[in-house]
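Welcome, and thank you for taking a look at this structure. Please have the sequence and the 3D view at hand as you read.

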Amino acid sequence: MNSQPRRGSIALNPPDCTSCMLCVKECPDKCIHIESHPVVQETGGARPVTVQYLDRFAIDFGLCMYCGICIDVCPFDALAWVGQSTSSAATGSGSLVHEMDQLAAEWNSSDD
Amino acid sequence: MQDTTPVAVVVDGQPVHLWAVEAGLACCGVEYAAAATLVSQLQGQTAIDLNGFAASDSASDSAGANVLVVSGTVTTALAPYVVALYQRMGPGARVMSFGACAATGGPYWDSYAVVDGVDRLVPVDVYVPGCPPSPEALIDGLRTLLLDVRA
(Lines give C-alpha, C1' and ligand atoms only; values in the text may rest on other atoms or scores of the structure.)
Protein backbone atom coordinates (compact mmCIF):
# COMPACT_ATOMS: atom_id res chain seq x y z
CA MET A 1 0.00 0.00 0.00
CA ASN A 2 2.84 2.36 0.71
CA SER A 3 4.59 1.74 -2.57
CA GLN A 4 4.36 4.73 -4.86
CA PRO A 5 1.73 4.36 -7.54
CA ARG A 6 2.37 7.10 -10.04
CA ARG A 7 -1.26 8.03 -10.56
CA GLY A 8 -2.52 7.59 -7.04
CA SER A 9 -4.17 9.70 -4.43
CA ILE A 10 -3.45 10.06 -0.72
CA ALA A 11 -5.54 8.35 1.96
CA LEU A 12 -5.60 8.43 5.75
CA ASN A 13 -6.11 5.77 8.39
CA PRO A 14 -7.45 7.95 11.25
CA PRO A 15 -6.78 5.48 14.12
CA ASP A 16 -3.06 5.60 13.29
CA CYS A 17 -2.87 9.39 13.34
CA THR A 18 -1.56 10.94 16.56
CA SER A 19 -2.00 14.56 15.42
CA CYS A 20 1.76 15.01 15.63
CA MET A 21 1.52 17.65 12.87
CA LEU A 22 4.68 16.50 11.07
CA CYS A 23 2.83 16.23 7.75
CA VAL A 24 1.33 19.68 8.23
CA LYS A 25 4.75 21.17 8.90
CA GLU A 26 6.48 19.42 6.02
CA CYS A 27 3.79 19.99 3.37
CA PRO A 28 5.35 22.40 0.84
CA ASP A 29 2.16 24.33 0.22
CA LYS A 30 0.32 23.74 3.48
CA CYS A 31 -2.60 21.81 2.08
CA ILE A 32 -3.14 19.58 5.15
CA HIS A 33 -5.39 20.82 7.94
CA ILE A 34 -5.46 19.10 11.34
CA GLU A 35 -7.53 20.02 14.37
CA SER A 36 -7.27 18.10 17.62
CA HIS A 37 -7.83 18.48 21.32
CA PRO A 38 -6.07 16.89 24.31
CA VAL A 39 -7.76 14.09 26.22
CA VAL A 40 -6.50 13.09 29.65
CA GLN A 41 -6.63 9.36 30.24
CA GLU A 42 -6.37 7.70 33.64
CA THR A 43 -4.35 4.59 32.93
CA GLY A 44 -3.73 3.55 36.51
CA GLY A 45 -0.11 4.63 36.32
CA ALA A 46 1.72 7.21 38.37
CA ARG A 47 0.36 10.05 36.26
CA PRO A 48 -2.55 10.48 33.87
CA VAL A 49 -1.64 10.27 30.20
CA THR A 50 -2.56 13.06 27.82
CA VAL A 51 -3.23 12.11 24.23
CA GLN A 52 -4.40 14.16 21.26
CA TYR A 53 -7.83 13.33 19.91
CA LEU A 54 -8.11 13.94 16.16
CA ASP A 55 -11.08 16.19 15.38
CA ARG A 56 -10.40 17.09 11.79
CA PHE A 57 -7.99 15.96 9.10
CA ALA A 58 -8.44 17.44 5.68
CA ILE A 59 -6.34 17.56 2.53
CA ASP A 60 -7.03 20.29 0.00
CA PHE A 61 -6.35 18.52 -3.29
CA GLY A 62 -6.75 21.82 -5.06
CA LEU A 63 -3.44 22.79 -3.48
CA CYS A 64 -1.84 19.35 -3.16
CA MET A 65 1.13 18.65 -5.44
CA TYR A 66 0.97 14.89 -4.83
CA CYS A 67 4.63 15.00 -3.81
CA GLY A 68 4.16 12.38 -1.09
CA ILE A 69 6.32 14.12 1.51
CA CYS A 70 3.50 13.75 4.06
CA ILE A 71 3.51 9.99 3.47
CA ASP A 72 7.28 9.84 3.86
CA VAL A 73 7.38 11.77 7.14
CA CYS A 74 4.40 10.13 8.86
CA PRO A 75 5.94 8.16 11.76
CA PHE A 76 2.95 5.86 12.06
CA ASP A 77 2.18 5.20 8.39
CA ALA A 78 -1.23 6.76 8.81
CA LEU A 79 -0.96 8.20 5.31
CA ALA A 80 -0.48 6.14 2.16
CA TRP A 81 -0.79 6.19 -1.59
CA VAL A 82 -3.96 4.56 -2.82
CA GLY A 83 -5.33 3.84 -6.23
CA GLN A 84 -3.74 3.53 -9.62
CA SER A 85 -5.81 6.07 -11.46
CA THR A 86 -7.20 9.32 -10.24
CA SER A 87 -10.90 9.93 -10.34
CA SER A 88 -10.47 13.29 -8.85
CA ALA A 89 -11.87 16.05 -11.02
CA ALA A 90 -14.33 18.24 -9.17
CA THR A 91 -16.96 20.69 -10.26
CA GLY A 92 -16.61 22.92 -7.21
CA SER A 93 -13.43 24.10 -5.54
CA GLY A 94 -14.82 23.08 -2.15
CA SER A 95 -15.19 19.46 -3.21
CA LEU A 96 -11.45 19.28 -3.72
CA VAL A 97 -11.09 19.41 0.06
CA HIS A 98 -11.28 15.83 1.25
CA GLU A 99 -12.26 15.53 4.90
CA MET A 100 -11.28 12.76 7.29
CA ASP A 101 -14.21 10.43 6.54
CA GLN A 102 -13.57 10.60 2.80
CA LEU A 103 -9.83 10.04 3.25
CA ALA A 104 -10.60 7.08 5.51
CA ALA A 105 -13.04 5.63 2.99
CA GLU A 106 -10.33 5.82 0.34
CA TRP A 107 -7.99 4.00 2.72
CA ASN A 108 -10.55 1.29 3.41
CA SER A 109 -11.45 0.84 -0.23
CA SER A 110 -7.83 0.05 -1.07
CA ASP A 111 -6.86 -3.24 0.55
CA ASP A 112 -3.95 -4.09 -1.69
CA MET B 1 -2.36 31.35 -25.43
CA GLN B 2 -4.54 31.33 -28.49
CA ASP B 3 -4.23 27.79 -29.81
CA THR B 4 -7.69 26.44 -30.43
CA THR B 5 -7.65 22.68 -30.73
CA PRO B 6 -10.41 20.25 -31.62
CA VAL B 7 -11.08 17.62 -29.00
CA ALA B 8 -13.29 14.77 -30.13
CA VAL B 9 -14.58 12.96 -27.10
CA VAL B 10 -16.64 9.78 -27.09
CA VAL B 11 -19.00 9.41 -24.16
CA ASP B 12 -21.27 6.38 -24.02
CA GLY B 13 -20.51 5.68 -27.65
CA GLN B 14 -21.61 9.12 -28.76
CA PRO B 15 -19.03 11.50 -30.18
CA VAL B 16 -19.02 14.93 -28.62
CA HIS B 17 -16.85 17.66 -30.06
CA LEU B 18 -15.25 20.28 -27.94
CA TRP B 19 -13.22 23.18 -29.14
CA ALA B 20 -10.68 23.91 -26.50
CA VAL B 21 -8.67 27.07 -26.23
CA GLU B 22 -5.80 26.77 -23.85
CA ALA B 23 -4.49 29.55 -21.70
CA GLY B 24 -1.12 27.91 -21.11
CA LEU B 25 0.42 30.22 -18.55
CA ALA B 26 3.11 28.07 -16.97
CA CYS B 27 4.48 24.54 -16.83
CA CYS B 28 1.01 22.98 -16.81
CA GLY B 29 0.56 24.34 -20.33
CA VAL B 30 3.22 21.91 -21.50
CA GLU B 31 1.76 19.17 -19.36
CA TYR B 32 -1.69 19.72 -20.83
CA ALA B 33 -0.38 19.41 -24.38
CA ALA B 34 1.63 16.31 -23.51
CA ALA B 35 -1.28 14.74 -21.65
CA ALA B 36 -3.69 15.47 -24.49
CA THR B 37 -1.33 13.75 -26.91
CA LEU B 38 -0.83 10.79 -24.62
CA VAL B 39 -4.52 10.47 -23.95
CA SER B 40 -5.10 9.35 -27.52
CA GLN B 41 -2.84 6.37 -26.80
CA LEU B 42 -4.89 5.41 -23.79
CA GLN B 43 -8.01 4.64 -25.75
CA GLY B 44 -9.51 1.31 -24.91
CA GLN B 45 -8.63 1.74 -21.26
CA THR B 46 -11.22 4.44 -20.82
CA ALA B 47 -14.49 5.46 -22.34
CA ILE B 48 -12.95 8.63 -23.66
CA ASP B 49 -10.84 8.99 -26.76
CA LEU B 50 -9.25 12.23 -27.75
CA ASN B 51 -8.46 12.49 -31.42
CA GLY B 52 -6.24 14.93 -33.07
CA PHE B 53 -4.98 18.11 -31.56
CA ALA B 54 -4.03 18.88 -35.09
CA ALA B 55 -4.34 22.50 -35.99
CA SER B 56 -7.87 23.51 -36.76
CA ASP B 57 -8.87 25.89 -39.53
CA SER B 58 -12.55 26.24 -38.73
CA ALA B 59 -12.15 27.59 -35.23
CA SER B 60 -8.78 29.20 -35.33
CA ASP B 61 -9.45 31.80 -32.70
CA SER B 62 -10.88 31.81 -29.23
CA ALA B 63 -14.28 33.14 -30.37
CA GLY B 64 -15.04 29.73 -31.86
CA ALA B 65 -13.99 27.75 -28.82
CA ASN B 66 -16.37 26.47 -26.19
CA VAL B 67 -13.92 25.24 -23.55
CA LEU B 68 -11.29 27.42 -21.96
CA VAL B 69 -8.51 25.39 -20.36
CA VAL B 70 -6.58 27.49 -17.87
CA SER B 71 -3.35 25.63 -17.26
CA GLY B 72 -0.67 27.21 -15.17
CA THR B 73 -0.06 29.95 -12.69
CA VAL B 74 -2.37 32.93 -13.15
CA THR B 75 -0.20 35.90 -12.32
CA THR B 76 -1.80 39.22 -11.57
CA ALA B 77 -0.04 40.62 -14.65
CA LEU B 78 -1.73 38.10 -16.94
CA ALA B 79 -5.09 38.04 -15.17
CA PRO B 80 -6.71 40.70 -17.43
CA TYR B 81 -5.79 38.66 -20.50
CA VAL B 82 -7.39 35.51 -19.08
CA VAL B 83 -10.58 37.48 -18.44
CA ALA B 84 -10.44 38.97 -21.95
CA LEU B 85 -9.99 35.52 -23.45
CA TYR B 86 -13.02 34.27 -21.56
CA GLN B 87 -15.11 37.23 -22.61
CA ARG B 88 -14.26 36.65 -26.26
CA MET B 89 -15.73 33.17 -26.09
CA GLY B 90 -19.34 32.59 -26.92
CA PRO B 91 -22.15 32.23 -24.41
CA GLY B 92 -22.20 28.90 -22.64
CA ALA B 93 -18.43 28.59 -22.72
CA ARG B 94 -17.02 26.21 -20.14
CA VAL B 95 -13.87 26.68 -18.12
CA MET B 96 -11.51 23.94 -16.98
CA SER B 97 -8.96 24.71 -14.30
CA PHE B 98 -5.98 22.45 -14.98
CA GLY B 99 -3.50 21.98 -12.14
CA ALA B 100 -2.96 23.23 -8.63
CA CYS B 101 -1.92 26.75 -9.63
CA ALA B 102 -5.06 27.45 -11.64
CA ALA B 103 -7.27 25.94 -8.92
CA THR B 104 -5.86 27.63 -5.83
CA GLY B 105 -2.55 29.25 -6.69
CA GLY B 106 -0.75 26.02 -5.83
CA PRO B 107 2.65 26.50 -4.21
CA TYR B 108 2.35 30.23 -4.92
CA TRP B 109 -0.94 30.70 -3.08
CA ASP B 110 0.68 33.20 -0.72
CA SER B 111 2.43 35.22 -3.41
CA TYR B 112 1.54 38.87 -3.95
CA ALA B 113 1.90 38.37 -7.70
CA VAL B 114 -0.32 35.33 -8.16
CA VAL B 115 -4.10 35.03 -8.31
CA ASP B 116 -4.96 32.30 -5.81
CA GLY B 117 -7.43 30.51 -8.02
CA VAL B 118 -8.68 31.40 -11.48
CA ASP B 119 -12.22 31.07 -10.13
CA ARG B 120 -11.68 34.54 -8.67
CA LEU B 121 -11.67 35.82 -12.26
CA VAL B 122 -13.98 33.57 -14.28
CA PRO B 123 -16.52 30.87 -13.33
CA VAL B 124 -14.87 27.46 -13.35
CA ASP B 125 -16.85 24.36 -14.35
CA VAL B 126 -14.33 21.66 -13.53
CA TYR B 127 -11.13 21.51 -11.53
CA VAL B 128 -8.46 18.97 -12.44
CA PRO B 129 -6.12 18.60 -9.45
CA GLY B 130 -2.46 17.71 -9.58
CA CYS B 131 0.95 19.29 -9.95
CA PRO B 132 0.92 18.48 -12.76
CA PRO B 133 -2.29 16.50 -13.31
CA SER B 134 -1.81 13.11 -14.89
CA PRO B 135 -3.29 12.30 -18.30
CA GLU B 136 -5.84 10.15 -16.47
CA ALA B 137 -6.85 13.18 -14.46
CA LEU B 138 -7.36 15.11 -17.70
CA ILE B 139 -9.61 12.32 -19.00
CA ASP B 140 -11.53 12.39 -15.76
CA GLY B 141 -11.87 16.14 -15.97
CA LEU B 142 -13.20 15.98 -19.53
CA ARG B 143 -15.64 13.26 -18.53
CA THR B 144 -16.83 15.33 -15.58
CA LEU B 145 -17.16 18.38 -17.80
CA LEU B 146 -19.19 16.53 -20.42
CA LEU B 147 -21.50 14.94 -17.87
CA ASP B 148 -21.98 18.41 -16.45
CA VAL B 149 -22.73 19.84 -19.89
CA ARG B 150 -25.24 17.11 -20.63
CA ALA B 151 -27.02 17.36 -17.31
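What follows is a walk through chain A, then the place where the chains touch, and then chain B.

Before setting off, please keep in mind that this is a predicted model.

Let us begin with chain A. Its secondary structure is made up of three helices and five strands. Read from the N terminus, the elements of chain A come in the order β-α-β-β-α-β-β-α. Chain A has 112 residues, and 30% of them count as buried. There is also something to learn from how its contacts are spread along the sequence: among those in chain A that link residues at least 6 apart, 76% join residues at least 24 apart.

Now find the sheet of chain A. It is an open sheet of three strands in the order β2-β3-β5, and the pairing is antiparallel. Because β2 and β5 of chain A are at the edges and have a single partner strand each, one side of each has no neighbour in the sheet. Helix α3 of chain A, residues 100-108, packs on this sheet and touches β3 and β5 of chain A. The direction of helix α3 makes about 85 degrees with that of β3(A).

We can follow the two pairings in turn. Strand β2 of chain A covers residues 32-41 and strand β3 of chain A covers residues 49-60, and 10 bridges join these antiparallel strands. One residue pair to look for here is Glu35(A), whose bridge partner in β3(A) is Arg56(A). On to the other pairing: β3(A) and β5(A) are linked by two bridges, again in the antiparallel sense. Here Ile59(A) has His98(A) of β5(A) as its bridge partner, and Asp60(A) stands opposite Val97(A) in β5(A).

Two loops of chain A deserve a stop for their backbone angles. Ser19(A) lies in the loop between β1 (9-12) and α1 (22-26) of chain A. Although Ser19(A) is not a glycine, its phi is positive, at about 55 degrees. Tyr66(A), in the loop between β3 and α2 (69-73) of chain A, is another residue other than glycine with a positive phi, near 55 degrees. Are these two residues buried or partly exposed? Ser19(A) is partly exposed, because 19 other C-beta atoms lie within 10 Å. Tyr66(A) counts as buried, because it has 21 C-beta neighbours inside 10 Å. The cut-off for a buried residue is 20 or more.

Next comes the place where the two chains touch. Here 19 residues of chain A are in contact with 22 residues of chain B. On the chain A side, these residues divide into nine nonpolar, seven polar and three charged. A good residue to look at is Ala89(A), found in the loop between β4 (79-82) and β5 (97-98) of chain A. Which residues does Ala89(A) contact, leaving aside its neighbours within four places in sequence? They are Val126(B), Tyr127(B), Val128(B), Ala137(B), Asp140(B), Gly141(B) and Thr144(B). Ala89(A) is buried, because 26 other C-beta atoms lie within 10 Å. Within chain A, the C-alpha atoms of Ala89(A) and Asp72(A) are separated by 25 Å, while the two residues are 17 places apart along the chain.

Crossing into chain B, look for strand β3, residues 67-71. Why can this strand be called largely enclosed by the rest of the structure? Five of its five residues are buried, so the strand is largely enclosed. In regular strands, side chains alternate between the two faces of the sheet. In β3(B), Val67(B), Val69(B) and Ser71(B) point one way, and Leu68(B) and Val70(B) point the other way.

Strand β3(B) runs parallel to strand β4 of chain B, residues 94-98, and five bridges join them. Across this pairing, Val69(B) stands opposite Met96(B) in β4(B). Together with helix α2 of chain B, residues 79-88, the strands β3(B) and β4(B) make a right-handed β-α-β unit.

Several of these residues also appear in the largest nonpolar core. This core has 68 residues, among which Leu68(B), Val69(B) and Val70(B) touch the most other members. Helix α4 of chain B, residues 135-150, gives the core its largest share, six residues. Not counting residues up to four places away in sequence, Val70(B) touches residues including Ala23(B), Val82(B), Val95(B) and Phe98(B).

A last stop is Pro132(B), in the loop between β5 (126-128) and α4 of chain B. The peptide bond between Cys131(B) and Pro132(B) is cis, with omega about 0 degrees.

Key: Residues are numbered from 1 along each chain as its sequence is written. Chains are lettered from A and ligands numbered from 1 in the order in which they are written. This is a predicted model: local features need pLDDT of at least 70, side-chain atom pairs count only at pLDDT 80 or more; totals for chains, interfaces and linings use all residues. Two residues are in contact if their C-beta atoms, placed from the backbone, lie within 7 Å. Ala, Val, Leu, Ile, Met, Phe, Trp, Tyr, Cys and Pro count as nonpolar, Asp, Glu, Lys and Arg as charged, and the others, Gly among them, as polar. Helices (H or I, at least four residues) and strands (E, at least two) are DSSP runs, numbered from the N terminus. A residue is buried if 20 or more other C-beta atoms lie within 10 Å of its own, exposed if 12 or fewer, and partly exposed in between; C-beta atoms are placed from the backbone. Two strands pair if DSSP finds at least two bridges between them. Axes are lines fitted to C-alpha atoms, for helices over the stretch in contact, and angles run from 0 to 180 degrees between N-to-C directions. A nonpolar core is a set of buried Ala, Val, Leu, Ile, Met, Phe, Trp, Tyr and Cys residues joined through C-beta atoms within 7 Å. A crossover is right-handed if, with the strands pointing away from the viewer, the path from the first strand over the helix to the second runs clockwise.
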